[in-house]
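The following exercises are intended for a reader meeting this structure for the first time. Each sets a task and then works through a solution step by step.

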Amino acid sequence: MMNELTGSPEQNLIVKKKISLRIRQLNLAERDLWDSLVKALPAGCFMQSWAWADFKELEGYKTFRYGLFLDKSLVGGCIFYYYPHSSQANLLIAAGGPILPPAYADEGIQLLKETAANLAKEVGAIALRIEPIWTEKPACFEGFVRAPADLLPSETLLIDLRPNEAEILAAMKPKGRYNLRLSNRHGVATEFTTNSQAIPLFYDIFWETVQRQQFFGEPYGFFINLCQSLFAANMAEIGLATWRGKVLAAILVVYWGNRATYLYGGRSFEHRQMMATYALHWAAMQQAKARGCTVYDFYGFSREPNHAYANFSKFKSQFGGVPVTTIGAHDYFFYERLADTLISLLRNLEGDSK
């Protein structure tokens, strides 16, 4: 197989012998370099961005940012996250990671596993949980097993933003187009902003939705930290849909590379006939397109009628799009740490029984 380094199989062998992959911790001066690398990848996830790691630190996580270097060039790496629980069965996680150079995937994952093993010993984790947004499990993931829980929704719905507005509209379902036009006739207005004064407006709608639909909702402080981190990096906006001055729907959209991701949102129970959510997501797609994105990610979708996402998915499917399933989270256990943890737990059980 030819390698992009040389274009020649013979030269390729020589180059691979002379240049080896190295791993080291990234420093702040390399922030833009790292972000550019992750953004350029079709499956580069915003949860591997520098700003997202800064946000997670505000949320109490420890972060470890490592780059893979070929000679002096940054070609891959991973941001590892660790939350210090009192439980002994702690995990080192890499949501949206790792980033592997295709020609050096085996060497890259081996270096990252060795680094993760050292970190696990340092912080007390029993396993590394990764979740790249890939649709096929690569051969280099040998030793990783499917995790019991995902870090990200493993199924999502993607809208292709490359066609023109009329073509995207034509790809929607008839009911979706009808509801969108209805919201336009009612005069629903939309706006996108990074003004911090929009955070409580967003949160009021979000929390109303949480209480009405009975799902887990993050506290207000979470969104203060999230917006503080991502707004400063020009990575996110709050979208609001209003009718006669009243906010009827709100969303938080993250922009990363070619993808705009609808991360959080909600709608008011009042004036549902205004179809404000249709106007808001349509406007979000136009906003994403104007920012250069080619994909609108509805982030969380299911084709199963009894799934917890079924109601959300029915709404999202009105915009057309293609469902995509990724490989989900995978665990790599550090068996020495796991054995120590099990022995400690058994000793505690023995102590409790006396």
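**Exercise 1: The surroundings of one residue**

Ala-105 lies in helix α4. The model is a predicted one. Determine whether Ala-105 counts as buried or exposed, and state which residues Ala-105 touches beyond its sequence neighbours.

Solution.
Step 1. The relative accessibility of Ala-105 is 18%. The cut-off for a buried residue is under 20%. Ala-105 therefore counts as buried.
Step 2. When residues up to four places away in sequence are not counted, Ala-105 touches Leu-100 and Cys-140.
Step 3. Ala-105 can also be placed relative to Pro-138: the two are 33 residues apart in sequence, and their C-alpha atoms are 8.9 Å apart in space.

**Exercise 2: The sheet on which α4 packs**

Establish the strand order of the sheet that contains β1, and identify which strands stand at its edges.

Solution.
Step 1. Seven strands make up this open sheet, in the order β1-β2-β3-β4-β5-β14-β6, with mixed pairing.
Step 2. β1 (21-25) and β6 (145-146) each have a single partner strand, so one side of each is left without a neighbour in the sheet. These two strands stand at the edges.
Step 3. The pairing of β6 with β14 (residues 330-333) is antiparallel and runs over two bridges. Within it, Val-145 stands opposite Asp-331 in β14.
Step 4. Helix α2 (residues 31-39) packs on the sheet and touches β2 (62-70) and β3 (73-82), with its direction at about 95° to that of β3.
Step 5. Helix α4 (residues 105-123) also packs on the sheet, touching β1, β2, β3, β4 (90-95), β5 (125-131) and β14. The direction of α4 makes about 155° with that of β2.

**Exercise 3: A further sheet and its helix**

Describe the sheet that contains β8, and state which strands α7 touches.

Solution.
Step 1. This open sheet has seven strands in the order β8-β9-β10-β11-β12-β7-β13, and its pairing is mixed.
Step 2. The edges are formed by β8 (189-193) and β13 (322-325); each has a single partner strand, so one side of each has no neighbour in the sheet.
Step 3. From one strand to the next, the twist averages 30°.
Step 4. β7 (residues 155-160) pairs with β13 in the antiparallel sense over four bridges. The bridge partner of Leu-158 in β13 is Val-322.
Step 5. Helix α7 packs on the sheet and touches β8, β9 (236-243), β10 (246-256) and β11 (259-267). Its direction makes about 65° with that of β11.

**Exercise 4: The nonpolar cores**

Find which residues of the largest nonpolar core touch the most other members, and which helix gives the most to it.

Solution.
Step 1. The largest nonpolar core has 46 residues, of which Phe-223 and Leu-252 touch the most other members.
Step 2. Helix α7 (residues 198-213) gives the most to this core, with seven residues.
Step 3. A second, separate core has 33 residues, among them Leu-161, Val-253, Ala-260 and Met-285.

**Exercise 5: A pair of helices**

Classify the relative direction of α3 and α8.

Solution.
Step 1. The axes of α3 (residues 50-58) and α8 (residues 220-232) come within 9 Å and cross at roughly 150°.
Step 2. Angles over 145 degrees count as roughly antiparallel. α3 and α8 are therefore roughly antiparallel to each other.
Step 3. The crossing of α3 past α8 is right-handed.
Step 4. Residues in contact include Trp-52 and Phe-55 from α3, and Phe-222 and Leu-226 from α8.

How values were computed
Residues numbered from 1 in each chain as written. Predicted model: local features only at pLDDT ≥ 70, side-chain atom pairs only at ≥ 80, totals over all residues. Heavy atoms only, no water. Core = buried A, V, L, I, M, F, W, Y, C linked by side-chain atoms within 4.5 Å. Buried < 20%, exposed > 50% of the residue type's maximum accessible area, 1.4 Å probe, protein only. Pairing = 2+ DSSP bridges. Axes fitted to C-alpha atoms, helices over the stretch in contact; angles between N-to-C directions. Contact = heavy atoms within 4.5 Å. Parallel < 35°, antiparallel > 145°, perpendicular 65-115°, else oblique. Left-handed = near helix turned anticlockwise from the far one by under 90°.
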